[in-house]
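Please open the structure in a viewer and keep the sequence panel visible. The tour below goes from one selection to the next.

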Amino acid sequence: MQVPLLTVENLSVRFNMPDQVINAVNGVSFSLNTGETLGIVGESGSGKTVTVLSILGLIPKPPGEITGGRALFEGQDLLPLSTEALRSIRGQEISMVFQDPMTSLNPVIKVGEQLREALWTHNPSDSRSNHRRRGVELLDMVGIPQPERRYNQFPHEYSGGMRQRAMIAMAMANRPKLLIADEPTTALDVTIQAQVIETLKAARQETGAASILITHDLGLVSQIADRVIVMYAGRIVEEGRIGDIFSRPRHPYTIGLLASIPSITQRRTKLYSIPGQPPDMANVPPGCPFHPRCAVGGERSVCRSDSPRLAEVGTRHQAACHFTEEAASWLTGRAT
Amino acid sequence: MTRYVARRLLHGILVMWIVSTAVFVIFRLVPGDPAAMTLGFDASPEDYEALREELGLNDPIHVQYLRWMGNLARGDFGKSITHGYAEVSSLVFPALGRTLELAALSILLAVIVAVPLGMISAIREGTWVDHIARVFTTLGFSMPTYVMGIGLLILLAEVFPLLPPGGYVPFGEDPVKHLSQLIMPVLTIASVTAARLTRFMRAGMLEVLSADYVRTARAKGLTERRVNYWHAFRNAAIPLVTEVGVNFGLLVGGMVVIEQIFIWPGLGWLMIQSILTRAFDVVQIAVLVSAATFVIVNLLVDLTYSWLDPRIARS
Ligand SMILES: Nc1ncnc2c1ncn2[C@@H]1O[C@H](COP(=O)(O)OP(=O)(O)OP(=O)(O)O)[C@@H](O)[C@H]1O
Ligand code: SF4
Ligand SMILES: [Mg+2]
């Protein structure tokens, strides 16, 4: 078996707020191989962003605090590294594309300058003109028209989609081994979304980078990910290969998410939606955090008292539920 | 950009027109007309009438107004009767120069202190540096300028007679003395202004430091120094320019008390002296020049701002 590129073990992160403690990530473990694409899905507040930011030491401390776990990148644990040591990883080995392209670029610095900086900081000995040439090349690669001219413009002169492309160009600048995209299209128009995803795919192919794609959109995940992690209340509730998750989901939450995707083939008269609200992360329900909303085990005492552990439910397929078998049949019941 | 400048200029001219009209109205509405003000209450009716005639106060009001505006437009500020018919501009402008000198040096010192202090206290939020900076700003905020000024005067001129207790000697006459006379008023004004600017800088930096683009800059692998002093600072500096400009404008018009304490013959001092000697012809021009300085400073601030912030300049 090959050594994974990234292995996250038992990661736990909390935010110590003045009046409460938010356990944003609770014992999350996963791994990712070279060239592989991992999708992370889950409702708002489920800890997706905090998980990936922690890997690069980017959560604000305080109030954030990593309370446990490891994040091995090529065998090296990144969590205890100093900011200075992390610098050579950030943007070079692992890079990120963020959710909101409108706020993720510095408004008072030219796009080209920000791009050149990403190159320069990891290759300070290379000449300015080389960086510039490469910067223009990168803008061209992500499909920005007139890259020479665009290089010298400010972010506000770019459209939202173009800014996200520029972000992708910046992320790919040093040919990272891992590209993390945190809801890269959520803030964009539907028509632009597809283009940006294409750009992302192309960039990934160009460099052969592994990638993590965080999204609310299961449909998108099915198009580009090899494996998926489903998160709920800062925990992984199900993990598996894309085909298994879509054809044999085992966790009621995953099943609910899948049932709420609009589908072209199955014409449902009414789209399913998971009842209730995502949990308040400062007051996560005891037992299985999903129980107040669960159609399968919501009424059972074991679900209210014992938090289920992640367990094998198939080949490279895990779920954290006391009643995975019933969940599967509940799904069959609904489909008919 | 040109249109922006033109619009701001027009705006400035409009404000000046309103101010000069207001000065005209106020100085003619006050009980006892300018002639009575100049002569005082014990003047003879003949003198009074003669002065009214000389000042043109017997002309219809619109003629007076047009004459006033016309003179201002030509830059003719008139002669002061109480000052032996000296040109008013020869009194007001040197005073303005002395006030500007004081204000500029104070602002400069305040900025030199406040920018690094505010930045460091934001970057090291919650550490001892931050606490010290906050004690300093709270002190600066809570202490009235005159208390600070008088305190310094007692300390450095009375108890330890290191500095002259105020006064003014032109730089060309005695540079050393000139500078030593500047120290206390500059320290007084600068400490209060620095407190205000430090707080502003700290708040601005804190806001910017949690911005998404600062996270992006870190994610790229930039050094902390580059993130803080380039990405964050550039954004925090833009509103600071406005704040510095506004403070400077306020100083120019608000120097009255300090100039009295340190006997610095600036614009505020001139205004008080002219009021005491009933030189209304000087007071009205001093008020006008003070307002004009404020308008010009604000205009320069706006232009600098638009030049610094690409979102305004090029949209
Ligand atoms: N800087 C912070 N300070 C305090 N709490 C935070 C901070 N960042 C995240 N959290 C908390 O951590 C929890 C997880 O947040 P996270 O951003 O990881 O969610 P997410 O799954 O990415 O959601 P979304 O889909 O909305 O992006 C949330 O409850 C949030 O309130
Ligand atoms: S453990 Fe119980 S409450 Fe939780 S998902 Fe499974 S069935 Fe539902
Ligand atoms: Mg998120």
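In strand 12 of chain A, which residue is the bridge partner of A:E238? Select A:E238 and look across to strand 12 of chain A: the partner is A:A319. Bear in mind throughout that this is a predicted model.

**Strands 10 and 12, chain A**

Select residues 235–241 and 317–319 of chain A, which are strand 10 and strand 12. The two strands pair in the antiparallel sense, over 2 bridges. Move to A:E239, which stands opposite A:Q318 of strand 12. On the strand 9 side, A:E239 in strand 10 of chain A is the bridge partner of A:I229.

Now colour strand 10 of chain A by burial. Of its 7 residues, 6 are buried, so the strand is largely enclosed by the rest of the structure.

**The hairpin**

Add strand 9 of chain A to the selection. Strand 9 and strand 10 of chain A pair in the antiparallel sense over 6 bridges. The hairpin they form has 2 residues between the strands, and A:A233 takes a positive phi near 50° there.

**The whole sheet**

Extend the selection to the full sheet of chain A. This is an open sheet of 8 strands with mixed pairing, in the order 6-7-8-3-9-10-12-11. Its edges are strand 6 (94–97) and strand 11 (311–314) of chain A, each of which pairs on one side only. Neighbouring strands of the sheet are turned by 25° against each other on average, direction ignored.

**Helix 11 on the sheet**

Keep the sheet in view and show helix 11 of chain A, which packs on it. The helix touches strand 3 (37–41), strand 9 (227–232) and strand 10 of chain A. Its direction makes about 105° with that of strand 9 of chain A.

Which residues of helix 11 of chain A are buried? They are A:P252, A:Y253, A:T254, A:I255, A:G256 and A:L257. The helix covers residues 252–259 of chain A, and with 6 of its 8 residues buried it is largely enclosed by the rest of the structure.

**Ligand 1**

Centre the view on ligand 1. Its shell has 14 residues, of which A:A24, A:S44, A:T49, A:V50 and A:M281 come nearest. Strand 2 (21–32) and helix 1 (48–55) of chain A each supply at least two residues of this shell. Helix 1 of chain A gives the largest share, 3 residues. Coloured by type, the shell around ligand 1 shows 7 nonpolar residues, 6 polar and 1 charged.

**Chain A as a whole**

Zoom out to all of chain A, where 13 helices and 12 strands can be picked out. Along its principal axes the C-alpha trace of chain A spans about 65 × 45 × 45 Å. The radius of gyration of chain A is 21 Å, which agrees with the value near 20 Å for a compact globule of 336 residues. Buried residues make up 46% of chain A. Among contacts in chain A with a separation of 6 or more, 65% join residues 24 or more positions apart.

**A stop in chain B**

Finally, select B:F280, which lies in helix 13 (residues 280–308) of chain B. Is B:F280 buried or exposed? It has 22 other C-beta atoms within 10 Å, so B:F280 is buried. Not counting residues up to four places away in sequence, B:F280 touches B:F27, B:P34, B:M37 and B:T38. B:F27 is 253 residues away along the chain, and its C-alpha atom is separated from that of B:F280 by 8.0 Å.

Methods
Residues are numbered from 1 along each chain as its sequence is written. Chains are lettered from A and ligands numbered from 1 in the order in which they are written. This is a predicted model: local features need pLDDT of at least 70, side-chain atom pairs count only at pLDDT 80 or more; totals for chains, interfaces and linings use all residues. A residue is buried if 20 or more other C-beta atoms lie within 10 Å of its own, exposed if 12 or fewer, and partly exposed in between; C-beta atoms are placed from the backbone. Helices (H or I, at least four residues) and strands (E, at least two) are DSSP runs, numbered from the N terminus. The radius of gyration is taken over C-alpha atoms; the globule rule is 2.2 Å times the number of residues to the power 0.38. Two residues are in contact if their C-beta atoms, placed from the backbone, lie within 7 Å. Two strands pair if DSSP finds at least two bridges between them. Axes are lines fitted to C-alpha atoms, for helices over the stretch in contact, and angles run from 0 to 180 degrees between N-to-C directions. A residue is near a molecule or strand if its C-beta atom, placed from the backbone, lies within 6 Å of it. Ala, Val, Leu, Ile, Met, Phe, Trp, Tyr, Cys and Pro count as nonpolar, Asp, Glu, Lys and Arg as charged, and the others, Gly among them, as polar.
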